[in-house]
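Please walk me through the charged side-chain pairs of this structure, and explain where each partner sits in the chain and how far it is open to the surroundings.

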Amino acid sequence: MTATTPPSAEAWMARALVLARRGLYTTDPNPRVGCVLVRDGRRVGEGWHERAGEPHAEVHALRDAGEAARGATAYVTLEPCSHHGRTGPCAEALVRAGVARVVVAMRDPNPRVAGRGIERLREAGIAVEVGLLEDQARALNPGFVSRMARGRPFVRLKMAMSLDGRTAMDSGESQWITGPRARCQVQRLRARASAVITGVDSVIFDNSRLTVRADQLELDDAEAIAARQPLRVVVDSRLRLPLAAACLSEPGRTLVATLEAADAERRARLEAAGAEVLALPAGADGRVDLAALLAHLAEREAVNEALLETGATLAGAMLDAGLVDEMQLFVAPTLLGGEARPLFALPGLERMAQQRPLEILDIRAVGRDWRITAIPGAAASPPSPVDGR
């Protein structure tokens with residue numbers, strides 16, 4: 001009988017990444033992390049970070065392994081934490097459990113950790129290796145990496161358009177361009193986001209609730225996922241948001257980003273209607289400084305991934321400012337005509353030399369529609385997995 005070859009280190013780390021992905025919709029604002037404990041070529045424990053405020057992946061794996069953790073190798077997708085937060089430091093838990101070796105996919109970009117967890121493990125005599133499947137680990141947490149390294153969220157732009165590149169009729173009517181399968185994917189994008197950003201015109205025309213709808217997620221734990229609603233952010237330089245807007249009465253929070261010089265009386269009425277109003281400086285165009293908004297969302301709101309669902313003006317402004325990291329474009333097999341509204345407002349493009357190149361990462365059918373995943377040519381961050389499962 002031929003002996004079975006034990007799984008490789010890459011296979012164990014790949015398993016840890018699969019586990020980490022189970023927290024895709026639930027760990028925010030923490031990163032998605034998985035851990036597998038292996039002893040004598042056999043898995044003895046595994047776990048993943050399930051929800052913010054609850055035990056981390058390493059703790060779940062150690063509990064699963066029990067005494068078998070002593071002398072084992074831990075495969076962890078992110079450097080074990082070394083600080084006391086809402087839970088204890090995972091590096092100390094691994095030391096106490098007697099783990100002999102730790103393989104880490106990537107260092108933690110959080111300045112509070114930044115190598116300290118690895119240092120603590122090595123001080124305790126534990127062998128540590130770093131970098132196995134690092135690219136995959138980074139792609140699982142684009143928002144957390146962006147917030148820690150760049151001080152702003154990872155911005156994913158979602159737009160639905162006709163085959164002739166139109167997003168709505170001239171009147172603003174846009175429901176529905178795409179079919180139910182595409183709308184399910186959009187709900188999953190909302191569910192994994194920390195915040196959904198839109199412009200006030202989009203709210204005025206569509207009266208969108210900007211919420212995650214459990215009945216459209218098509219996931220086993222849809223109700224639990226939808227219980228955590230992302231922060232709703234409406235960019236409204238002149239405070240034109242209707243007081244009866246549906247987003248103001250939905251569960252969760254609605255943040256209205258406006259100018260510091262905005263009308264005080266109008267602000268008070270919006271706050272009385274349930275909005276939180278954030279006053280920001282004006283950008284070069286006289287409207288809300290979008291970079292300042294993203295910095296606020298990262299620092300004050302701990303937003304990792306922001307889903308931008310909006311019209312041509314705000315989408316174009318974000319793209320023009322270099323603040324879009326990934327684009328999810330849903331294309332429907334229909335035509336809306338030349339009078340319908342375009343995908344982006346990008347004034348000043350007059351010559352072919354000024355065109356904005358995109359790198360297409362993926363094209364796939366979603367029901368009767370198509371989904372294009374692309375990044376701007378100058379995007380500085382790695383894309384994230386797009387399947388949503």
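In this predicted model, R120 has a relative accessibility of 24%, and because buried is reserved for values under 20% and exposed for values over 50%, R120 counts as partly exposed. Its partner is E92, whose side chain meets that of R120 in a salt bridge with an N to O distance of 2.6 Å. The two residues come from distant parts of the chain, with E92 in helix α3 (residues 90–97) and R120 in helix α4 (residues 116–123), 28 residues apart. E92, at 25% relative accessibility, is likewise counted as partly exposed.

Side chains of opposite charge can pair when their charged atoms come close. A search of the whole structure finds 23 salt bridges, and a second example joins the side chains of D325 and R150, with 3.1 Å from N to O. Here D325 belongs to the loop between α13 (312–320) and β13 (326–332), while R150 belongs to helix α6 (residues 142–150), so this pair ties together parts of the chain that are 175 residues apart in sequence. The two partners fall into separate classes of accessibility: D325 is buried, with a relative accessible area of 2%, whereas R150, at 32% relative accessibility, counts as partly exposed.

The helix that comes before the loop of D325 can be described further. In α13, the residues A312, L314, A315, G316, M318 and L319 are buried. An α-helix has 3.6 residues a turn, so residues three or four places apart point the same way. Just after α13, G322 takes a positive phi of about 70 degrees.

A third pair is formed by E305 and R156, whose closest N and O atoms are 2.9 Å apart in a salt bridge. This pair links strands, for E305 lies in strand β12 (residues 305–309) and R156 in strand β6 (residues 154–162), so the contact ties together parts that are 149 residues apart in sequence. What is the relative accessible area of E305, and is this residue buried or exposed? E305 has a relative accessible area of 2%, and therefore counts as buried. For R156 the relative accessible area is 2%, and this residue is buried as well.

The pair of E305 and R156 is also part of a wider arrangement, since a network of salt bridges links R32, R156, R192, E305 and E326.

Technical notes:
Residues are numbered from 1 along each chain as its sequence is written. This is a predicted model: local features need pLDDT of at least 70, side-chain atom pairs count only at pLDDT 80 or more; totals for chains, interfaces and linings use all residues. Side-chain values use heavy atoms; hydrogens and water are left out. A salt bridge is a side-chain nitrogen of Lys or Arg within 4 Å of a carboxyl oxygen of Asp or Glu. Helices (H or I, at least four residues) and strands (E, at least two) are DSSP runs, numbered from the N terminus. Buried means under 20% relative accessible area, exposed over 50%, partly exposed in between (1.4 Å probe, protein chains only).
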